[in-house]
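Let's take a walk through this protein together, from its surface to its interior. Have the coordinates open and follow along.

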Amino acid sequence: MQTYLLFQQFNGSSLAENSTACPENATICDGTSCILPEDNFNETLSVVLSTVLTIMLALVMFSMGCNVELKNFWGHIKRPWGIFVGFLCQFGIMPLTAFLLSLAFNILPIQAVVVLIMGCCPGGTASNVIAYWVDGDMDLSISMTTCSTLLAMGMMPLCLFIYTKMWTDSDAIVLPYDSIGISLVALVIPVSFGIFVNHKWPSKAKIILKVGSIVGAILIVAIAVVGGILYKGSWIISPKLWIIGTIFPAAGYSLGFFLARVAGLSWHRCRTVSLETGMQNTQLCSTIVQLSFSPEQLELMFTFPLIYSIFQLLFALLILGGYRLYRRHHVKTKTDVEKTEQKEDSTSNAKINGGFVSNEIK
């Protein structure tokens, strides 16, 4: 009996010592590694915010559709060279880059799998908003996002089968085809309405586009902030994943631009392909990870999709800032072009009519 009491006292003192390391309400506690029970408030907040963000995203995609001309969009579908280059970047470059980064940093198998899942995901809708701000080809951007989401139904299982078999059985990864289908519907329907509005009422479409582009930029930042708040308990992960999360999107942007240029695409289409390559559907990656792994495994890599999301946004903003500075100092604005045309017209008319050219024109 005395031995039992001593054991109880020892246990009590040990728990008291570890109380600062692990909360009392932890469901799993292994040293300093703890998993807390589900927070109902966080769960409710997540559902509410995801609903609001989905509605807002649909409105933003509607406004992006207002910048798409049906003739040009159909032209990309009929002559899909740009889409094919984007396909090679999306399901060729990105999975291979994920595989090479996982090998180079020698990360844990479970961490390598989540990096590969990110690399195999289709392009995200945020790329359409950034493509608008960098004067990209919106027809190509939206057709690439649509096609990559549709092709992800077959390409994601294939890429995961090829690249993950040295770390895990690809059958262990659960692909949420319903989420991919919802993403496709949430993209196609609003964009279709936007294309229709642009066809019928082009002047109103321009107003909708300006408002939607601003809302879209705010929404991209809001999603990153909300993700950081909801998953604040999962930030302590391997430094190697932080480094990969920084390098990976930068490599996607750079390699996508390089391949598009080698393929002979124009500069504004190269910018478009670059953004479509680097900006992944991180929400889809998070869904796959949550469906496929246990709470103990999630602790090792759950935050990686959010880390990738933050750095893909930061690099996209750097690209946007760099392009805007370049445009301001090296590219003629529309007003400058109109003035140049007026000047040339005045000069040619003077020569034809035998008149004189004023000093202002000279």
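## Met-56 and the surface patch

Met-56 sits in helix α2, which covers residues 40-65. Is its side chain buried, partly exposed or exposed? Met-56 has a relative accessibility of 31%, so it counts as partly exposed.

Met-56 also has company on the surface: together with Ile-207, Val-211 and Val-215 it makes up a nonpolar patch. The accessible area of these four residues adds up to about 320 Å². The main contributor to the patch is helix α9 (residues 202-230), which provides three residues.

## How far to trust the model

Please keep in mind that this is a predicted model. The average pLDDT of the protein chain is 75, and 71% of the residues reach at least 70. Residues 1-20 have a pLDDT below 50, and the model gives this stretch zero contacts beyond near neighbours in sequence.

Another stretch to treat with care is residues 35-39, where pLDDT again stays under 50. For residues 35-39, the model does show 14 contacts beyond four places in sequence.

## Overall architecture

The protein chain contains 15 helices and two strands. It has 362 residues, 41% of which count as buried. About 19,900 Å² of the chain is exposed, with carbon and sulfur atoms supplying 66% of that area.

How much of the contact network spans long stretches of sequence? Taking contacts between residues at least 6 apart in sequence, 80% join residues at least 24 apart.

## Two nonpolar cores

In soluble globular proteins, nonpolar side chains tend to be buried together. Here, the largest nonpolar core brings together 42 residues. Val-115, Ile-117, Met-156, Phe-248, Val-289, Phe-293 and Phe-304 have the most contacts inside this core. The helices that each supply at least two of its residues are α4 (81-105), α5 (109-120), α7 (138-164), α10 (239-262), α12 (282-292), α13 (295-301) and α14 (304-330). With nine residues, α5 gives the largest share.

Val-115 is a good place to zoom in. Beyond its neighbours within four places in sequence, which residues does Val-115 contact? They are Ala-98, Ser-102, Ile-107, Leu-241, Ile-244, Phe-248 and Phe-304. Apart from the largest core there is another, of 25 residues, including Phe-73, Val-129, Ile-195 and Leu-313.

## Salt bridges across the sequence

How many salt bridges does the structure hold? There are two. One joins Arg-327 to Asp-135, with 2.9 Å between the closest N and O atoms. Arg-327 belongs to helix α14 and Asp-135 to the loop between α6 (126-133) and α7, so this pair ties together parts 192 residues apart in sequence. Both partners are partly exposed: Arg-327 has a relative accessibility of 29%, and Asp-135 has a relative accessible area of 31%.

A salt bridge also forms between the side chains of Arg-269 and Asp-137, at 2.8 Å from N to O. This pair, too, links distant parts of the chain, with Arg-269 in helix α11 (residues 267-278) and Asp-137 in the loop between α6 and α7, 132 residues apart. Arg-269 is partly exposed, with a relative accessible area of 30%. Why does Asp-137 count as buried? Its relative accessibility is 6%, and the cut-off for buried is under 20%.

Technical notes
Residues are numbered from 1 along each chain as its sequence is written. Side-chain values use heavy atoms; hydrogens and water are left out. pLDDT is the predictor's confidence in each residue, from 0 to 100. Contact means heavy atoms within 4.5 Å. Patches are made of residues with over 30% relative accessible area and no salt bridge: like charges are joined within 9 Å, nonpolar side chains (Val, Leu, Ile, Met, Phe, Trp, Tyr) within 5 Å. Accessible areas come from the Shrake-Rupley method with a 1.4 Å probe; for residues, only the protein chains shown count as cover. Helices (H or I, at least four residues) and strands (E, at least two) are DSSP runs, numbered from the N terminus. Buried means under 20% relative accessible area, exposed over 50%, partly exposed in between (1.4 Å probe, protein chains only). A nonpolar core is a set of buried Ala, Val, Leu, Ile, Met, Phe, Trp, Tyr and Cys residues joined through side-chain atoms within 4.5 Å.
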